[in-house]
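Q: Please take a close look at one part of this model and describe it in a single connected account. Give each cut-off where its term comes up.

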2 protein chains.
Amino acid sequence: MRIGELARCTGVSERSLRYYEQEGLLSARRTPGGHREYTEAAVARVRRIQELYAAGLCSSKIAKLLPCMRDSDGRPSRTADECLVSELTVERARIDRMIRDLQRSRALLDTVIEAASQG
Amino acid sequence: MRIGELARCTGVSERSLRYYEQEGLLSARRTPGGHREYTEAAVARVRRIQELYAAGLCSSKIAKLLPCMRDSDGRPSRTADECLVSELTVERARIDRMIRDLQRSRALLDTVIEAASQG
DNA sequence: CTTGAATCTGACACTGACGTCAACTTTTAC
DNA sequence: GTAAAAGTTGACGTCAGTGTCAGATTCAAG
């Protein structure tokens, strides 16, 4: 699978896919001519990367985290070391705060929307 | 209350407070010399602004939304019009998706953290 | 009146994921 | 073999909120 197809079937731009490779999040075999060749597993991986970006993790954190996660076609290739675990624990706390904040903001929007539909 | 005090007691930088004013999110009376004078209500307002920023709304959305919310010292000065309601509904849907995504990512982190503490 | 702390405006820098364009090469289709 | 389509690298631009610095002004205290 080449980059165009992967882009189409994940909805992620080619630019982003090359960026992911540059950041060490995604790898690809190369054709003799230098074109990227992706496996089917890349689709799930790209989706997962997007998910983690959306959760506010930066490239370097994702790069360290990915090898510790069970992939669609394999067991995790690594276990998180002590340092990574402490980083991830911090991220998890941040995510928890973020969820709480989003729920509050959602409630605020609800109030305004409801007030408009009533009044 | 001047800008330094407001910054200290909200934890938001003076730079950001001036930016909020520039974006129409926060207003202040001025002393004869031009220094900003904030009321007590500004503290709650700044916290609310930060909350909405954290929920991913941009300045212009927040600017339109704020007058429709009940403030600590007052009833909403406006009701959202049809256009704003539809924008807010879109934002609410985005927030809902974001919460779901965060919960998924949180679960992923949990799995990795737990695997490390077990194995 | 003077001094120092606080504030003012305006401009430029940064971050990080990604858009976009240029110039070139590889692959694909006929 | 040739043209079109797809891919390559590299560089620079964007956005939005904020950091930071410079130079000028105002405020509070002695």
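The part to describe is where chain A and chain B are in contact, followed by its surroundings.

A: This is a predicted model, in which local features need pLDDT of at least 70, side-chain atom pairs count only at pLDDT 80 or more, and totals for chains, interfaces and linings use all residues. Residues are numbered from 1 along each chain as its sequence is written, while chains are lettered from A and ligands numbered from 1 in the order in which they are written.

The contact region comes first. In chain A, 31 residues are in contact with 31 residues of chain B (contact: C-beta atoms, placed from the backbone, within 7 Å). On the side of chain A that touches chain B, α3 and α5 each supply at least two residues (helices are DSSP runs of H or I with at least four residues, strands are runs of E with at least two, and both are numbered from the N terminus). The largest share of that side, 20 residues, is from α5(A). By class, this side of chain A has 20 nonpolar, five polar and six charged residues (nonpolar: Ala, Val, Leu, Ile, Met, Phe, Trp, Tyr, Cys and Pro; charged: Asp, Glu, Lys and Arg; polar: the others, Gly among them).

Of the interface residues of chain A, 100% are also interface residues in chain B, so the copies meet through the same surface. A turn of 180 degrees with a shift of 0.0 Å along the axis lays chain A on chain B with an RMSD of 0.1 Å (least-squares superposition on the C-alpha atoms of residues with pLDDT of at least 70 in both copies). The two copies are therefore related as by a two-fold rotation axis. A:Ile99 is the residue of chain A that comes closest to the rotation axis, with its C-alpha at 3.0 Å.

A:Val85, in helix α5 of chain A, has contacts in both chains. Apart from neighbours within four places in sequence, A:Val85 is in contact with A:Ala80, B:Ile113 and B:Ala116. A:Val85 counts as partly exposed because it has 19 C-beta neighbours inside 10 Å (buried: 20 or more other C-beta atoms within 10 Å; exposed: 12 or fewer; partly exposed: in between; C-beta atoms placed from the backbone). A:Leu65 is 20 residues from A:Val85 in sequence, and their C-alpha atoms are 9.5 Å apart.

A:Leu65 also appears in the largest nonpolar core, which has 44 residues; A:Leu65, A:Leu26, A:Val112, B:Leu26 and B:Val112 touch the most other members (core: buried Ala, Val, Leu, Ile, Met, Phe, Trp, Tyr and Cys residues joined through C-beta atoms within 7 Å). In each of chains A and B, α2 (14–22), α3 (41–54) and α5 (82–118) give two or more residues to this core.

Around B:Leu26, contacts beyond four places in sequence are B:Leu17, B:Tyr20, B:Glu21, B:Ala42, B:Arg45, B:Val46 and B:Ile49. B:Leu25 lies in the loop between α2 and β1 of chain B and counts as buried because it has 21 C-beta neighbours inside 10 Å. With the same sequence neighbours left aside, B:Leu25 is in contact with B:Tyr20, B:Ile49, B:Ser59, B:Ile62, B:Ala63 and B:Leu66. B:Gly24 lies in the loop between α2 and β1 (29–30); B:Gly24 counts as partly exposed, because it has 13 C-beta neighbours inside 10 Å.

Both chains also line the DNA. DNA strand C is surrounded by 20 residues, the closest being A:Ser13, A:Gly33, B:Arg2, B:Gly4 and B:Arg36 (near: C-beta atom, placed from the backbone, within 6 Å of the strand). Two or more residues of this surface come from each of α2 (14–22) of chain A and α1 (3–10) of chain B. Its classes are five nonpolar, 10 polar and five charged residues. For DNA strand D there are 20 surrounding residues, with A:Arg2, A:Gly4, A:Arg36, B:Ser13 and B:Gly33 closest. Here α1 (3–10) of chain A and α2 of chain B each supply at least two residues.

Definitions and conventions:
Contact = placed C-beta atoms within 7 Å.
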